[in-house]
Amino acid sequence: MREHPRHEGHSAEPLPETWNGRATNRVQWLFAAAGAACVALGVELAIDSAWTSGYAALLMSVIGCVAAGLLMVFGTLAFVHVAVRVDGDCLEVRCGHMGLPRRRILLAHVVGADFAPWVTPRQWGGWGYRWRPEKGSAVVVRRGEGLVLRLGDGRSFTVTVDDAEAAVRIIRRRLRPVVKGTATGT
């Protein structure tokens, strides 16, 4: 286990202009392969079937296999990896090879950032883009370290990413300090 620094003040080292992090889950490729096998089965049924058992049953089998396979392929490929970018004013999360779904959070809306040493799909109900009323939302592509943002509206956003600790330090340094008595509505 790594040591996590407790020093949260400003240090003499300059902040990088942007911070980029990634996380990858190779297990998702197995699910994508299973989806491709379902599509192949649907195509095989459509081409090589004798069509003697009835058109409706065969058509439902073909459509079901192809639809389930495409959902598995595209649903898993969207969360094979995640790319996180922190720049001067926002954090951007892009999933999969096409960068979708994407989430952009302005640092002006962030009140805190925390390092989570162990985030698991079980905590969030699986891989992917998740929402739980008591926990907020998350992008979970693998188990391991993650970044937890506390947003100004009381919600939280978690993302699993390599070197999340560095992202937390950079975000904390870029957050604007809140001065008591200047909050709106008081």
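Me: Which residue is the bridge partner of Gly-21 in β2?

Reply: The bridge partner of Gly-21 is Val-84. This model is predicted: local features need pLDDT of at least 70, side-chain atom pairs count only at pLDDT 80 or more, and totals for chains, interfaces and linings use all residues. Residues are numbered from 1 along each chain as its sequence is written, and side-chain values use heavy atoms, with hydrogens and water left out.

Me: What makes β1 and β2 a pair of strands?

Reply: Two strands pair if DSSP finds at least two bridges between them. Six bridges join β1 to β2, so the requirement of at least two is met. The two strands run antiparallel.

Me: How do we know that β2 and β3 pair, and what joins them in the chain?

Reply: β2 and β3 share five bridges in the antiparallel sense, and therefore they satisfy the rule for pairing. One of these bridges links Val-86 with Leu-91 in β3. A hairpin of three residues leads from β2 to β3.

Me: Why are β1 and β4 called edge strands?

Reply: The open sheet has four strands in the order β1-β2-β3-β4, with antiparallel pairing. β1 (19–24) and β4 (102–106) each pair on one side only. Strand β3 (residues 90–95) pairs with β4 over five bridges, and Arg-94 stands opposite Arg-102 in β4. In general, strands of a sheet pair through backbone hydrogen bonds, either parallel or antiparallel.

Me: How many helices and strands does the protein chain have?

Reply: The protein chain has four helices and nine strands. Both are DSSP runs numbered from the N terminus (helices: H or I, at least four residues; strands: E, at least two). Read along the sequence, the pattern is β-α-α-β-β-β-β-α-β-β-β-β-α.

Me: Why is Cys-65 counted as buried or exposed?

Reply: The relative accessibility of Cys-65 is 16%. Buried means under 20% relative accessible area, exposed over 50%, and partly exposed in between (1.4 Å probe, protein chains only). The value for Cys-65 is therefore that of a buried residue. Cys-95, at 1%, counts as buried by the same rule. Buried residues make up 39% of the 186 residues in the protein chain.

Me: How do we know whether Cys-65 forms a bond with the closest cysteine sulfur?

Reply: A disulfide is a pair of cysteine sulfur atoms within 2.5 Å. The closest cysteine sulfur to that of Cys-65 belongs to Cys-38 and lies 6.1 Å away, which means that it is too far for a bond. A search of the whole structure finds zero disulfides.

Me: What surrounds Cys-65?

Reply: Cys-65 sits in helix α2 (residues 55–77). Contact means heavy atoms within 4.5 Å. Neighbours within four places in sequence aside, Cys-65 is in contact with Cys-38, Val-39, Leu-41, Gly-42 and Leu-45. Leu-45 is 20 residues from Cys-65 along the chain, and their C-alpha atoms are separated by 9.1 Å.

Me: What makes α4 mostly covered?

Reply: Nine of the 11 residues of α4 are buried. Among them are Ala-164, Val-168, Ile-170 and Ile-171. The elements that cover the buried residues of α4 include β1, β2, β3, β5 and β8.

Me: Which residues touch the most other members of the largest nonpolar core?

Reply: A nonpolar core is a set of buried Ala, Val, Leu, Ile, Met, Phe, Trp, Tyr and Cys residues joined through side-chain atoms within 4.5 Å. The largest core holds 29 residues, and Val-82, Leu-91, Val-93, Leu-147, Leu-149 and Ile-171 touch the most other members. α4 gives the most to this core, with six residues. A second, separate core of six residues includes Ala-116, Val-119, Trp-124 and Val-148. Beyond its neighbours within four places in sequence, Ile-171 is in contact with Val-86, Leu-91, Leu-107, Val-110, Ala-113, Leu-147 and Leu-149.

Me: Why is Arg-142 called buried or exposed?

Reply: Arg-142 has a relative accessible area of 11%, under the limit of 20%, so the residue is buried. Arg-142 lies in the loop between β7 (136–140) and β8.

Me: What joins the side chains of Arg-142 and Asp-162?

Reply: A polar contact of 2.7 Å joins these side chains. A polar contact is a pair of N or O atoms within 3.5 Å; within protein, one must be able to donate a hydrogen and the other to accept it, and residues adjacent in sequence count only if both atoms are side-chain atoms. In addition, a polar atom of the Arg-142 side chain lies 3.1 Å from the backbone oxygen of Glu-145.
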